[in-house]
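I opened a new page for this protein and wanted to get my bearings before poking at details. Here is what I was given to look at.

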Amino acid sequence: MYPRDGIREIDRQECLRLLATAHVGRIVHTHHALPAVLPVAFSLDDDFSVVVRTSALSPLANAIDQAVVAFQTDEVDPATASGWSVLVTGRATVVTDPEDHVRLSRTGPPAWRSSRHDVFFRIEPVLVTGSALGAKSEAPEGALKRALRPTATTAPATS
């Protein structure tokens, strides 16, 4: 992928395994013809689709219903300059089956703001890609760690 930058590609199975360990991600959709990104709670369902919960009356529900969206989640440890990032691309569809809705109400992602209008969206994982950060075999020792370290700002020189 970007071996000189300390980034290596993760295969689909590893991406799905990592997705199952996360609880918050970002959904990327279109808003007024521009990209928009929102943090969301999510869960990975039995068929490996990403499940997101929101109010049926929310702008998000309107924006993603039947749309192709991207979903991204990650875990990065600045102290070790390592981590991973996973991106899922697919069509978002509202869960209409009453039994699925009841099941997801118990086992799916929590609502950040509960509403009697809560709906679940399922993002079918058509494209699943991922990156591992800080792979020692692919990056010079310490290069990623130095890149992630905050730099001190210096005052301009005075004469």
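These are my notes, in the order I looked things up.

**Entry: confidence**

I started by reminding myself that this is a predicted model. I checked the mean pLDDT, which is 84, and saw that 82% of the residues reach 70 or more. Then I looked for weak stretches. I found that pLDDT stays under 50 over residues 136-148, although the model still has 19 contacts there beyond four places in sequence. Residues 151-155 are also below 50, and I found zero contacts for that stretch beyond near neighbours in sequence.

**Entry: the layout**

I counted four helices and eight strands. Reading from the N terminus, I get the order β-α-β-β-β-α-β-β-α-β-β-α. I noted that buried residues make up 36% of the 159 residues. I also looked at how far the contacts reach along the chain: of those with a separation of 6 or more, 68% are between residues 24 or more positions apart.

**Entry: the nonpolar core**

Which residues touch the most other members of the largest nonpolar core? I got Phe-71, Val-86, Val-88 and Ile-123, out of 25 residues in that core. Next I asked which elements supply at least two residues each. My list has two helices, α1 (12-19) and α2 (59-64). It also has the strands β3 (34-44), β4 (50-55), β5 (68-77), β6 (82-94), β7 (118-123) and β8 (127-133). I jotted a general reminder here: in soluble globular proteins, nonpolar side chains tend to be buried together.

I took Val-86 as my way in, and found it in strand β6. Is Val-86 buried or exposed? Val-86 counts as buried because its relative accessibility is 1%, and the cut-off for buried is under 20%. Leaving aside neighbours within four places in sequence, I see Val-86 in contact with Cys-15, Leu-18, Leu-19, Phe-71, Gln-72, Thr-73, Val-128, Thr-129 and Gly-130. I picked Thr-129 to compare sequence with space: Val-86 and Thr-129 are 43 residues apart in sequence, but 5.8 Å apart C-alpha to C-alpha.

I then turned to Val-88. With residues up to four places away left out, Val-88 touches Leu-19, Val-50, Val-69, Ala-70, Phe-71, Ile-123, Pro-125, Leu-127 and Val-128. I noticed that Phe-71 and Ile-123, both on my list of best-connected core members, are among the residues that Val-88 touches.

**Entry: the largest pocket**

I moved on to the open space. The largest pocket holds about 330 Å³. Which residues are closest to its centre? They are Arg-53, Thr-54, Ser-55, Trp-112 and Arg-113, out of 16 lining residues. I looked for the elements that give two or more residues to the lining, and these are β3 and β4. The largest share, four residues, comes from β3. By type, I sorted the lining into eight nonpolar, five polar and three charged residues.

**Entry: Ser-55 and Val-119**

I followed Ser-55 out of the pocket list. Ser-55 lies in strand β4 and counts as buried because its relative accessibility is 18%, with the limit at under 20%. Not counting residues up to four places away, Ser-55 touches Ala-61, Ser-115, His-117, Asp-118 and Val-119.

That led me to Val-119, which sits in strand β7. Val-119 is buried too, at 15% relative accessibility. Beyond four places in sequence, I see Val-119 in contact with Val-52, Arg-53, Thr-54, Ser-55, Ala-56, Val-94 and His-101. I also looked up Val-119 against Ala-61: they are 58 residues apart in sequence and 8.2 Å apart in space, C-alpha to C-alpha.

**Entry: two backbone oddities**

My last look was at phi angles. Most residues other than glycine have a negative phi. Phe-48 has a positive phi of about 70 degrees although it is not a glycine. I found Phe-48 in the loop between β3 and β4, where it is partly exposed with a relative accessible area of 39%. Ala-81, also not a glycine, has a positive phi of about 55 degrees. I placed Ala-81 in the loop between β5 and β6. Is Ala-81 buried or exposed? Ala-81 is buried, with a relative accessible area of 4%.

Note on methods. Residues are numbered from 1 along each chain as its sequence is written. This is a predicted model: local features need pLDDT of at least 70, side-chain atom pairs count only at pLDDT 80 or more; totals for chains, interfaces and linings use all residues. Side-chain values use heavy atoms; hydrogens and water are left out. A nonpolar core is a set of buried Ala, Val, Leu, Ile, Met, Phe, Trp, Tyr and Cys residues joined through side-chain atoms within 4.5 Å. Buried means under 20% relative accessible area, exposed over 50%, partly exposed in between (1.4 Å probe, protein chains only). Contact means heavy atoms within 4.5 Å. pLDDT is the predictor's confidence in each residue, from 0 to 100. On a 1 Å grid over the protein atoms alone, a cavity is a set of points where a 1.4 Å probe fits but cannot get out, and a pocket is an open set with protein on both sides within 12 Å along at least five of seven lines; lining residues have an atom within 4 Å of a point. Grid points are joined across faces, edges and corners, and a volume is the space filled by probe spheres set on the points. Ala, Val, Leu, Ile, Met, Phe, Trp, Tyr, Cys and Pro count as nonpolar, Asp, Glu, Lys and Arg as charged, and the others, Gly among them, as polar.
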